[in-house]
Amino acid sequence: MNEPAVLVSTCADDPTADLVIAELNHRDVPVLRFDPGVDFPLHSTLDARLDEHGWAGGLQHGGRTLNISHVRALYHRRPSLYTAPYLPGQDGKFAASENRRGLGGILHALPGCTYVNHPMQVATAEYKPVQLAAARRVGFRIPETLITNDPVSAVEFAKAVGPVVYKPLHAAAYDIDGESGCVWVRTVDPADLDESVANAAHVFQQQIPKVADARVIVVDSKIFAARIAAPDGVVDWRARYSELQYEPVQVPERIAARLRWFMVGLGLLYGALDFAIDADGRWWFLEINPNGQWAWLEPAADLPITAALADLLEKGATHD
């Protein structure tokens, strides 16, 4: 594969990546799908050398060889964690660490590559304190927020700001009573805030009296948005997917202008952002997922996100 190619770094079960790969195939853009944490080194071989232009050489996988100096774009979706089950105990831990820093380091330093997004920028932007501070800098309206492990401070905040909600700092799936589940955003009664708050960092926010939510997808200079209507009383719409209604919505220009600066500040070309919309039409920034899902939203709100991502991966960014 000497022709400039797109490298898609993701796990085997990723229907969102499937859509983008199918579109790139339709455009005859060379694509290599690769899960570095699983495919390397048992199913692939890396041979990289440093020359005057950066890293060069080959990545062999699936019977093909990718010239790493000719990767036009890396679509960093949802790759697996680096593991080495082929080696026991400490040897496996050491090998996994070396693979992450060796292969992962190469993938982080591809010359002339468009990253959607760069893995290091994704890792940084996933921290809620980082993204909230960035949102404040560009002038987004943000709910009053407290991050604490002090029960007294939490109670005082809830009484002063209330009503308030609790949200996890990382929206991951956890084992709950033997089943995989998520911790959703929920309202908090100050009376329920006890000494258990001291066991971990908690984020509490002013609850916005919203009339709708908005999911905004930014792809380079393009902005797509859907207004999401949930049943009355639902705090976190993600917990009630089957009962939601969607419609495309125009992002207010003042929000769109701030979005561009916000994305630049975090070093991102792609992001899925959530806003709350109140009765006065004001948009409140809630969070950004730098690798957030969008595939279900495209048909629901008729948003051409697949094509926009394929454009970015094929042609590169339209702005710095």
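# Questions on the fold of a predicted protein model

User: How many helices and strands does the protein chain have?

Analyst: The structure shown is a predicted model. Its secondary structure consists of two kinds of element, helices and strands. The protein chain has 9 helices and 18 strands.

User: What radius of gyration does the protein chain have, and why does it agree with a compact globule?

Analyst: The protein chain has 320 residues, and a compact globule with that number would have a radius of gyration near 20 Å. The value for the chain agrees with this expectation, because it is 22 Å.

User: Which residues touch the most other members of the largest nonpolar core?

Analyst: In soluble globular proteins, nonpolar side chains tend to be buried together. The largest such core in this model has 33 residues. Those that touch the most other members are I217, V219, W294 and L309.

User: Which element supplies the largest share of this core?

Analyst: Several elements each supply at least two residues of the core, including strand 1 (5-9), strand 14 (210-219) and helix 9 (305-315). The largest share is 6 residues, and the element it comes from is helix 9.

User: Which residues does L309 touch, not counting residues up to four places away in sequence?

Analyst: L309 is one of the residues that touch the most other members of the largest core. With residues up to four places away in sequence left out, L309 touches V20, Y75, V116, V219, Y270 and W294.

User: Where is N117, and what is omega for the peptide bond from V116 to N117?

Analyst: N117 lies in the loop between strand 7 (114-116) and helix 4 (119-125). The peptide bond that leads to N117 from V116 is cis. Its omega is near -10 degrees.

User: Is D28 buried or exposed?

Analyst: D28 is located in the loop between helix 1 and strand 2 (31-34). Its phi is near 60 degrees, a positive value in a residue other than glycine. A residue counts as exposed over 50% relative accessible area. D28 has 64%, and therefore it is exposed.

User: Why does A300 count as partly exposed?

Analyst: A300 belongs to helix 8. The partly exposed class lies between the buried limit, under 20%, and the exposed limit, over 50%. A300 counts as partly exposed because its relative accessibility is 34%.

User: What is the C-alpha to C-alpha distance between A300 and L244?

Analyst: A300 and L244 are 56 residues apart in sequence. In space, the C-alpha to C-alpha distance between A300 and L244 is 9.9 Å.

Key. Residues are numbered from 1 along each chain as its sequence is written. This is a predicted model: local features need pLDDT of at least 70, side-chain atom pairs count only at pLDDT 80 or more; totals for chains, interfaces and linings use all residues. Side-chain values use heavy atoms; hydrogens and water are left out. Helices (H or I, at least four residues) and strands (E, at least two) are DSSP runs, numbered from the N terminus. The radius of gyration is taken over C-alpha atoms; the globule rule is 2.2 Å times the number of residues to the power 0.38. A nonpolar core is a set of buried Ala, Val, Leu, Ile, Met, Phe, Trp, Tyr and Cys residues joined through side-chain atoms within 4.5 Å. Buried means under 20% relative accessible area, exposed over 50%, partly exposed in between (1.4 Å probe, protein chains only). Contact means heavy atoms within 4.5 Å.
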